[in-house]
Amino acid sequence: MISQQTIQEIQSRIDIYDIVGSFVKLKRRGTNFIGNCPFHNEKTPSFTVSPSKEIYKCFGCGKSGNAIGFVMEHEKYSYVEALRWLATRYNIDIVETETSPEYKEQQQTADSLHILNQFAAKYFSAQLLESEEGQNNALSYLKERGFNELTIEKFQLGYCLNQRDAFTKEALKHQYSEDILKKSGLTIERDGQLLDNYRGRIIFPIQNQSGKIIGFGARVIGSSDRGPKYINTPENELYVKSRILYGSFFARHPIDKFDECYLVEGYTDVTAMHQAGIENVVASGGTSLTIDQLRLIKKYTNNLTIIYDGDAAGVKAALRGLDLAIEEGLNVQMVLIPDKEDPDSYVMKVGAEEFRNFINLNKKDFILFQLEVSLTDAGNDSTRKAAVVNQIAESISKLSRAEDFTRQQDYIKRCSSILKVDEQGLTALVKKFTIEKLGKDEKKFQRNTEEKEPEQQTSEKEDQSLDLLFKDEMNEQGVVRSLIEFGNQPWEETNSVADYIFLEIEKDGLEDLFDNKLLVEIINEYKSILERGTRPDEKFFLYHPDQKIGQMAVSLLTEKHQISPNWAKFYQGKILDRSDLYREEVRSSMTYLKLKKVKRLIVENQYDLEKEQSQDDILILLHTHKHLKELEMQLMKDIGTVIFK
Ligand code: ZN
């Protein structure tokens, strides 16, 4: 983790004009700067940067923030990634705290792989463009397929000579280790000999969304029958297949601007579309979509349009993983490329404008498309038709987030009319799948929390302690302890920890969660002292005239570390000033309390659900359930970050 000191240094060095100016062309206007907004399409600038306030704001789309926020938004980085980016830019050495040796080693391997990949990409590119073999075998083939030099350069396409170890030798000469070479997949070992893995193939470097080369796809030339069409980098510290979308680095800003992401299957579909001028496109690499890929897309847009070619395998591949997309709240459309073409050849044939027109005219909503395909398939067979109804109900049930409620209703209406079935009946069926899924999620969630425990033998114990936290009053105790111990400490500039705690309790209606009368008394007394304009300290409660309260205060203050067992484990053996950590502890106590509230609401909601008869009300309760579960997940996640920060 990045140290507080480093963060402060970065913050003090940031120049918002410099940061934004490296992505947006800015012109001075008075004390401010203006430019065309990078977050929405505009011709007259409404994007303003104020160096004195150190903020940016767009009056067109409303996006605003500071320099770190800008880097996060523009590059779709997390907070930490943005800090790293800024540190590199200003040559600030990052001081890390609390990094495990395993993590460090993993980072080092990933760095080495990255450096080797850069070297390899350069080498392969030179072989393609400059060597005789590359020009004759590969470059001519790419040109035959319609790729020009700009595209070849942009995607850094390359060629691996058809010799046993030309690349490996060169890499060893440049001090790259055998281990890293093998790990990268560029070199393989056979009978004790090191060989180039991609001999005689065209090389597609694969970049992540920030432009780092993390691996390669190596394609045979023409339709050779030597081995598979593509060989890809094996999974390693840098290359994690389930997170990769080919072309995402070049596509991220166009996707943002067009608010739509095209998804194709192959690397050459991406390069061909880019060459034609359609840049909001990525490739999945032919496997079904993973949750990580969908979330990557979702960082940029909610509109996913899947372009696939006409063979049956293409349709099936396109349909796989799409329920996941719907669950993620993506608006999924499908387009079939006509006449047995693929996106690559079709865009080359008709050009960008006609291609875009075709897509806009022919894209179909995924659920309705699925319905259409399956109905045609089923014909007059009533058993198969029933299966179609089931399948559609299941797809619609995936639209279960609270904000999808109207969309779900709309689908039920439209699909029941297409299927000629009773709307009420379809609603009931959708509900059935929703309930089934809730049950499955519950089990999965329980499994996941167990799996996440690093030590299996203690996991059960810790689960129990977490459970205890909700059964007994430890979470309320945590809040009251924070109040007594840290109440007078500053929370933010103008308020204290006590002010913060009381505000949160009032805001989220948490008063009724304190079951222990003594705790309630302490809270009330604290409040009334505050209202009189003074502040009680620890001693006030420790030496309270009411002995019971005094005892409670003692037991609270001596059982410090029980609220987050992981916390103590994590900091074991390290000398840390406890007062440095009080904000984390206060936040953690409040989160536990909120979690208790949410859990209580879930139970009440389930109770209502069991009694409720009307279909409409059941749907609403189900959505409430889903929403509460999401809140619960978020709070659990918050507790995780607080504990491990
Ligand atoms: Zn804007």
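Me: How do you know that helix α5 lies across strands, and what makes the angle to β10?

Reply: Helix α5 (residues 101–130) lies across β6, β9 and β10 (213–219), and runs at about 35° to β10. Contact here means heavy atoms within 4.5 Å. The angle is taken between N-to-C directions on a scale from 0 to 180 degrees, with axes as lines fitted to C-alpha atoms, for helices over the stretch in contact. Helices (H or I, at least four residues) and strands (E, at least two) are DSSP runs, numbered from the N terminus. Helix α11 (residues 267–276) also packs on the sheet, touching β9, β10 and β11, with its direction at about 80° to that of β9.

A word on the ground rules: this is a predicted model in which local features need pLDDT of at least 70 and side-chain atom pairs count only at pLDDT 80 or more, while totals for chains, interfaces and linings use all residues. Residues are numbered from 1 along each chain as its sequence is written, and side-chain values use heavy atoms, leaving out hydrogens and water.

Me: What makes β6 and β9 a pair?

Reply: Two strands pair if DSSP finds at least two bridges between them. β6 and β9 (residues 202–207) have two bridges, in the antiparallel sense. One residue match is Y159 with I202 in β9.

Me: Why is the sheet of four strands called open?

Reply: The order is β6-β9-β10-β11, with antiparallel pairing. β6 (158–159) and β11 (230–232) stand at the edges with a single partner strand each, so one side of each has no neighbour in the sheet.

Me: What do β7 and β8 form?

Reply: A hairpin, with two residues between the strands; D191 in the turn has a positive phi of about 50°. β7 (residues 187–190) and β8 (residues 193–196) pair over four bridges, antiparallel, and I188 stands opposite L195 in β8.

Me: Why is the site of the zinc ion called tetrahedral?

Reply: Four donors count as tetrahedral if all angles lie between 85 and 135 degrees. The angles among the four donor atoms here are 101 to 118°, so the label fits. The protein donors are C37 (SG), H40 (ND1), C58 (SG) and C61 (SG), at 2.1 to 2.3 Å from the zinc ion; a donor is an N, O or S atom within 2.8 Å of the metal (3.2 Å for Na, K and Ca), and water is not among the atoms, so sites may look incomplete.

Me: Why is C37 called buried?

Reply: Buried means under 20% relative accessible area, exposed over 50%, partly exposed in between (1.4 Å probe, protein chains only). C37 has 2%, so it is buried. C261 counts as buried at 0%.

Definitions and conventions. Tetrahedral: all angles 85-135°; square planar, octahedral: opposite > 155°, others 65-115°.
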